[in-house]
Amino acid sequence: MASDTGPSSPDDSFSSPIGNTQSSPDNPAARPGARGGGRRRRGGGGGSSTPSSIATTPPAHRSRFAAASETTPTPSRTHRRTSGGGGGNGRPFAASTPSSTDGDAPPSSECGDGYDAAEQMYVWGTNISVQDVNAAIVRFLRNFMEAPLQADSIEEGKYMRELDRVFEIEREWIDIDAQDIYNYDQDLYNKMVRYPLEVLAIFEIVLMDMASTRNPLFEKHIQARVFNLRTSICMRNLNPSDIEKMVSLKGMIIRCSSVIPEIREAVFRCLICGYYSDPVRVERGRISEPKRCMKEECATKNSMTLVHNRCSFADKQIVRLQETPDEIPEGGTPHTVSLLMHDKLVDAGKPGDRVEVTGIYRAMSVRVAPTQRTVKSLFKTYIDCLHIKKTSKSRMQADDPMEVENGFNRNEDFTFDEQMVEKLKDLSKKPDIYDRLTRSLAPNIWELEDVKKGLLCQLFGGNALKLASGATFRGDINILLVGDPGTSKSQLLQYIHKLSPRGIYTSGRGSSAVGLTAYVAKDPETGETVLESGALVLSDQGICCIDEFDKMSDSARSMLHEVMEQQTVSIAKAGIIASLNARTSVLACANPSGSRYNPRLSVIDNIHLPPTLLSRFDLIYLILDKPDEQMDRRLAKHIVALHFEDIESVQQDVLDLPTLTAYVSYARKRIHPQLSDEAAEELTRGYVEMRRRGNFPGSSKKVITATPRQIESLIRLSEALARIRFSEWVEKRDVMEAFRLLEVAMQQSATDHSTGTIDMDLITTGVSASERMRRDNLAAATRNVIMEKMQLGGPSIRLMELLDELKKQSSLGEVHLSDLRNAVATLTTEGFVAVHGDTVKRV
Amino acid sequence: MVGLPYDCLANPLGAVRFTFEKAVAAGADPAALNGKDWGAGDLFRDVLFDRGALSQVPVLNAKNIGHVQPNTLVRFRGMIQDMLGNEFYAGAYKDGSLWRTNKYRDVSQYPMGSSPDMHIWERHLLYCVQVPGLNPWADTSSGTVVARPGDQTSQHGEKRRRADNEDIDQMDMETSEDGIQRSSGVKKLREDGHPSQNLQLPEPVAESTGFGACSMPREEGDSLSCLIKVYDSSDSELKLNDVFEFVGVLTFDSDYQVDNDEFLDGFSEDTLASLPLNKVPRLHCLVHTKLAAHDFLHSTPLELKPQLVKEVRETLLSHLTAVLGNDGLAAHLVLLHLLSRVHARIDNFAVGKLSVNLTCFNKESVSIFGNHLMLAIKDLLPFSHIVPLTVDYLNAASLAPKKDYETNRLVTGLMQLPEGTHLTIDETQLEVGTLNSVGVENARLLKYLSEYQKVEYDFKYYKMELAADFQLLILSEGKSNILPADLVIPFQPSSVASGGVVAAETLEAWQWYLATVRSLSHSIDSDMQKVVENDLVAARQANRNLSSQDFSRLLTMGRLMSLSFGETSLSLEHWQMVKELERLRWERFA
């Protein structure tokens with residue numbers, strides 16, 4: 001079974017001189033030199049496959065790079081560079097052609113020559129000394145420490161400990177952070193990126209070497225997996241000069257092939273005498289079937305047949321990676337690139353995953369037809385994958401504030417490039433950054449300054465707090481926008497949705513309770529019941545924008561109670577009982593129930609939302625369309641400018657969307673402000689002040705102007721404000737601004753229109769204190785009237801008559817029948833009167 | 001460049017090689033060249049445009065594809081339907097001591113040893129289709145248009161000139177000195193360097209049906225798609241859905257014989273495998289030019305004189321009025337609508353669009369006026385498309401293009417149209433019914449298109465918005481809910497539609513008028529700006545219900561109104577006209 005894959009076989013492309021050795025790493029110390037990479041290479045050139053046959057059956061292929069034993073490491077890679085001064089362009093061809101032309105053109109003899117050449121070996125075509133690289137790697141592995149403070153401490157280097165871990169769990173690879181290499185030895189890093197094939201081969205030889213000295217019993221081959229390169233390349237910028245270099249790129253997996261078993265070693269059996277051959281290894285992508293039986297007594301020609309279950313195979317998978325949407329220029333389609341995964345990397349990602357891949361960019365020539373040797377002028381490219389890392393699916397880095405403490409995420413996750421960070425930090429130092437960000441938020445929606453400030457706070461968010469007792473305090477700020485139609489609420493929502501880290505945009509009208517939370521569905525393929533996340537769960541760590549909140553069904557809305565305070569979604573359905581995180585900020589907007597907001601009614605009456613839900617919003621803004629000529633003029637100006645002027649000149653001094661996004665994500669990720677003592681004091685003082693405002697001296701009326709919920713909101717807001725400044729401390733001015741924001745919002749929504757004071761009862765219960773007082777007064781008056789007019793057990797009186805009586809009493813002002821009904825109902829519960837239909841009877 | 005040794009049209013590759021050898025001889029280092037142009041592009045530009053040879057280059061279409069010789073220069077006009085990424089090829093290599101290039105060809109002409117002196121260059125692959133919705137009058141490749149005398153003036157506008165098909169057939173020339181011989185029918189390509197190569201050339205593709213039948217929903221049998229290989233261009237230059245004219249070398253080489261190599265096993269990642277050679281010719285592009293509406297005109301561009309513009313405007317307006325059954329207001333608004341285009345985008349807002357919803361149609365009147373209107377539009381604009389909106393249609397149609405990851409191709413949808421396409425959406429056939437998930441998605445897509453002039457392309461794992469610029473005309477009984485238009489106007493015909501026969505010259509004048517005036521720039525002076533602002537403020541004080549959308553519409557109309565007179569800045573007179581039109585329009589609702 002000769003797998004005649006020619007140049008197209010990835011295995012074969014690895015057969016560039018160093019890569020070709022799939023030698024058995026099982027006992028490297030035992031047979032030094034017996035199966036050096038160079039040796040096998042030379043054998044391959046002559047079309048012979050015998051040299052390797054002396055090795056015992058090795059475990060499946062583990063390395064694409066030389067796994068030569070430690071005593072003869074050099075030759076395997078010295079003959080590498082065939083392309084003289086040709087620079088990068090020549091190499092890929094050199095890498096792929098020998099294999100494609102094998103048979104007719106034996107590879108140049110350099111491999112053999114290098115073997116016995118001078119002591120100092122060089123990577124072909126360069127002045128990179130193999131010994132130097134070897135030594136540099138040894139130094140790096142032995143000595144690199146994460147905290148290089150105690151340079152002469154007896155503690156072992158990071159990677160030595162890693163290596164021990166590898167022994168412990170019998171892993172076959174070791175992850176190496178390229179950043180560490182860079183920090184330790186820039187020269188080595190540069191060499192590795194430029195000549196990854198060679199350097200990685202040496203890397204693995206060094207690793208094997210170390211493994212055998214530290215743990216002679218460890219028989220597995222250790223592969224070096226490099227990740228976290230300093231620069232990552234955009235997929236569409238891959239060009240011919242990147243071939244054979246180490247690259248790192250981000251993308252989304254769109255297709256995975258099935259796992260392809262790739263033969264590594266074949267065993268043949270003679271059909272005549274039953275003799276089993278020694279394992280025959282893949283040579284340049286093919287296995288040559290022995291022409292005759294090896295057993296001398298038999299020696300029958302063409303009698304050998306492949307024994308499948310004694311062959312060894314390795315996993316291989318081809319994965320297609322597509323550019324992430326943000327890298328695609330206007331009017332382009334996403335580019336794709338093929339990845340080749342081996343062994344443990346197989347199935348490391350699924351379609352739809354966003355990954356960051358480190359690998360070697362390779363090209364291989366395409367043959368005109370499989371049976372022909374002619375090489376087309378075309379090349380197929382792919383990335384030989386070394387390391388794959390899943391990145392978060394969110395648009396922005398929505399780091400989990402709850403999980404930051406373990407410090408792992410911070411390292412692992414996406415890092416901002418330094419230039420950007422500098423730029424952002426510079427921005428944050430500007431004194432007007434708060435105003436500037438406000439201006440940059442939806443710049444084509446004018447006015448609404450305070451609303452935008454509130455939304456800005458929502459974007460930045462407060463700190464979530466988790467107490468040791470398990471109690472959590474949310475850091476997310478919920479905002480409700482209520483307003484007249486045509487006041488660009490929806491546009492604001494859209495804008496925030498675009499900007500926010502993983503946001504979901506839904507419309508209340510089209511959302512169902514399960515669509516918002518989670519539902520159980522049957523997987524069409526497996527038939528298992530699976531939990532599908534709804535909008536709120538999907539926007540965990542983000543902002544869930546709900547348009548037309550008022551039109552949402554009650555059942556859907558009731559789901560929000562839990563989400564907005566506990567930040568979880570609990571479901572118990574179809575045998576699945578789960579509580580899912582939904583740490584999301586809710587940004588909702590609602591229209592008043594009449595088409596226009598009636599300022600004489602309370603918010604609750606205007607939008608018909610249950611007070612329990614309303615109170616969970618930190619900020620409620622009323623966006624009212626007041627007839628204001630000044631505003632109209634500005635609107636007119638704005639629109640005229642939109643249509644006729646150069647757009648650039650209209651919007652100066654605002655941050656563009658990418659910068660804004662980066663700013664927000666950086667702040668959310670890196671800044672975790674704490675309350676300073678001064679701020680805490682101010683907070684207390686302000687809160688007490690607010691509460692006190694509800695007590696009118698000499699009045700029995702008790703108005704609640706602030707509740708504990710408000711103080712939590714205030715803390716969140718001030719934290720967000722500190723974040724805006726990239727400040728680790730919440731200062732007094734943040735708290736004062738938070739108070740101002742809250743007050744602006746409350747003034748709009750929680751103002752009792754009959755008295756003009758803020759009354760939280762309006763939000764929490766839907767009835768203002770003054771209204772309640774009025775009701776009490778009416779009930780008292782009714783009681784008086786009844787006491788006067790009616791006898792105990794006497795004839796009943798009609799409600800209308802009672803109303804007329806009450807109207808005579810001028811102190812009550814306007815009295816409606818409905819008010820009276822309420823009053824009578826109150827009296828009924830007191831057992832004072834009995835109501836039969838429209839008549840009242842004193843009992 | 002006198003006395004070229006090669007005929008650029010018949011043997012473009014020879015010319016390419018000539019320039020390459022010249023460049024190398026002049027000291028250009030193939031290593032440093034890195035795929036950049038060494039003068040071949042200039043040569044062809046010179047020959048094609050400055051010397052007017054373009055008109056002799058045959059335009060490739062479904063009918064003549066069987067007759068065009070491979071390795072000759074052809075033209076192809078098409079829309080970029082998909083981008084297939086980059087392709088690496090051995091750009092320059094050494095044959096003995098001579099440098100050779102593979103640029104503009106698929107298979108190397110000389111043996112490429114495994115010599116290290118080889119440089120890999122890259123080229124872009126574009127999948128182009130004939131412009132969807134192209135109206136017959138604008139289709140130069142159909143062979144109906146005959147070049148007029150006096151075309152030697154060789155402007156860009158001349159590009160559309162083409163020789164008759166007969167010319168192509170008569171082209172009986174040596175295409176290459178490399179011994180590539182061919183008879184007109186069977187093409188047998190033999191390359192000197194590869195005697196062993198048994199190139200399986202496509203059978204003569206005489207049967208022109210089924211061309212480009214690559215899962216294109218709007219396949220009509222005789223459209224042609226083409227795989228264009230573009231050199232020397234940046235990504236930013238070529239965009240999806242742009243309409244280009246490519247001039248390049250046509251190849252029928254056995255490009256991509258089915259490689260059944262193991263690498264691809266179980267993973268037919270080769271997108272090109274789905275583009276069979278005999279259906280999709282390959283074009284190695286030498287020169288490409290982006291086409292705008294006026295490139296599709298027949299007549300030589302007229303001079304933009306106010307008097308002339310006014311005349312043409314009057315005749316066109318009266319024509320539209322007649323078509324619309326003497327409804328002058330609707331005709332006026334439709335005229336403005338035909339001139340609209342998105343000229344700026346601010347955040348999500350597309351400035352300049354003016355979609356029109358003609359209401360009060362019923363099934364009878366649509367068959368009279370609707371058809372007349374659609375035919376009239378077809379004659380006026382280069383690209384137009386009619387969407388008969390029914391529940392079944394919404395439930396079944398694939399409007400948005402969709403990425404098929406199996407073949408790694410972008411499967412086109414009906415909404416993949418070039419910029420400036422006119423869409424007539426006939427809602428009068430819409431009846432009560434239930435939309436399935438596809439229908440809901442399609443309705444949402446249409447709404448989104450109408451609001452933001454963007455089409456969401458479905459990339460399975462995410463959606464990608466692509467800016468569109470379609471003129472939307474909606475015919476409906478009541479105000480359309482699926483497509484909220486900028487301008488809703490109840491249609492009130494007072495006589496029977498009388499399109500009448502229009503003289504070809506008049507038609508051409510109208511086509512020219514619409515194409516030219518539409519692309520004019522526009523401004524407003526500060527005095528006029530004051531007036532407009534004051535008017536808007538006053539209007540809003542009077543009617544609180546006026547929103548920014550209403551203001552935008554007024555301004556767009558003002559802009560289009562003055563454009564329709566060929567003027568580039570808004571005058572008071574035109575502004576008053578717009579206000580009057582709006583007043584009349586509102587009266588119809590009263």
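Hi everyone. Let me start with a term: a strand here is a DSSP run of type E with at least two residues, and strands are numbered from the N terminus. With that in hand, we can place A:Ser312, which lies in strand E8 of chain A, residues 312-322. One thing to keep in mind as we go: what you have in front of you is a predicted model.

Let's stay with A:Ser312 for a moment. Is this serine buried or exposed? A:Ser312 has a relative accessible area of 13%, and buried means under 20%, so A:Ser312 is buried. Its contacts, leaving out residues up to four places away in sequence, are A:Glu262, A:Ile263, A:Arg264 and A:Glu265. Take A:Ile263: along the sequence A:Ser312 and A:Ile263 are 49 residues apart, yet in space their C-alpha atoms are 6.0 Å apart.

Now let's step back to the whole of chain A. How many helices and strands does chain A have? There are 30 helices and 27 strands. Chain A has 843 residues, and 57% of them count as buried. Then there is the question of who touches whom. Looking at contacts in chain A with a separation of 6 or more, 71% come from residues 24 or more positions apart.

Another residue to find in chain A is A:Lys452. You'll see this lysine in helix H14, residues 449-460. Its relative accessible area is 4%, so A:Lys452 is buried. If you look for A:Leu441, it is 11 residues from A:Lys452 in sequence, and the two are 6.8 Å apart in space, C-alpha to C-alpha.

Next, the aromatic rings. A pair of aromatic rings is described by two things, the distance of the centres and the angle of the planes. Over all chains, the count comes to 13 aromatic pairs. One of them is formed by A:Tyr182 and A:Tyr189, with 5.2 Å from centre to centre and 85 degrees between the planes. Why is that pair called edge-to-face? Because planes over 60 degrees apart count as edge-to-face, and here the angle is 85 degrees. Both partners are on the buried side of the cut-off: A:Tyr182 has a relative accessible area of 18%, and A:Tyr189 has 7%.

A:Tyr182 has another neighbour to show you. The charged end of A:Arg230 sits over the ring of A:Tyr182, 3.7 Å from the ring centre. Chain B has an example of this too, where the charged end of B:Arg585 sits over the ring of B:Trp586, 5.2 Å from its centre. And while we're looking at rings in chain B, try picking out B:Tyr89, B:Tyr104, B:Trp121 and B:Tyr231, which ring pairs link into a cluster.

So what about chain B as a whole? Chain B contains 13 helices and 17 strands. It has 590 residues, 59% of which count as buried. Of the contacts in chain B with a separation of 6 or more, 77% are between residues 24 or more positions apart.

Let's look at two helices of chain B, H6 (residues 328-339) and H10 (residues 504-518). How do they pack? Their axes are 9 Å apart, at an angle of about 60 degrees. H6(B) and H10(B) are therefore oblique to each other. On the H6(B) side, the residues that meet H10(B) are B:Leu335, B:Leu338 and B:Leu339, and on the H10(B) side they are B:Tyr513, B:Leu514, B:Val517 and B:Arg518. Sorted by class, this contact has six nonpolar residues, one charged residue and no polar ones.

Just before H6 in the numbering comes helix H5 of chain B, residues 306-323, and that is where we find B:Thr321. At a relative accessible area of 15%, B:Thr321 is buried. Not counting residues up to four places away in sequence, B:Thr321 touches B:Asn326, B:Asp327, B:Gly328 and B:Ala331.Finally, two residues with a backbone detail. B:Cys360 is not a glycine, yet its phi is positive, near 65 degrees. B:Cys360 lies in the loop between strand E9 (356-359) and helix H7 (363-380) of chain B, and at 43% relative accessibility it counts as partly exposed. B:Gln453 also has a positive phi, about 55 degrees, without being a glycine. You can find B:Gln453 in the loop between helix H9 (437-452) and strand E14 (454-458) of chain B. With a relative accessible area of 2%, B:Gln453 is buried.

Thanks for listening!

Conventions: Residues are numbered from 1 along each chain as its sequence is written. Chains are lettered from A and ligands numbered from 1 in the order in which they are written. This is a predicted model: local features need pLDDT of at least 70, side-chain atom pairs count only at pLDDT 80 or more; totals for chains, interfaces and linings use all residues. Side-chain values use heavy atoms; hydrogens and water are left out. Axes are lines fitted to C-alpha atoms, for helices over the stretch in contact, and angles run from 0 to 180 degrees between N-to-C directions. Helices (H or I, at least four residues) and strands (E, at least two) are DSSP runs, numbered from the N terminus. Angles under 35 degrees count as roughly parallel, over 145 as roughly antiparallel, 65 to 115 as roughly perpendicular and the rest as oblique. Contact means heavy atoms within 4.5 Å. Ala, Val, Leu, Ile, Met, Phe, Trp, Tyr, Cys and Pro count as nonpolar, Asp, Glu, Lys and Arg as charged, and the others, Gly among them, as polar. Rings of Phe, Tyr and Trp (its six-membered ring) pair if their centres lie within 6.5 Å; planes under 30 degrees apart count as stacked, over 60 as edge-to-face and the rest as tilted. Buried means under 20% relative accessible area, exposed over 50%, partly exposed in between (1.4 Å probe, protein chains only). A charge sits over a ring if NZ of Lys or CZ of Arg is within 6 Å of the ring centre and within 35 degrees of the ring normal.
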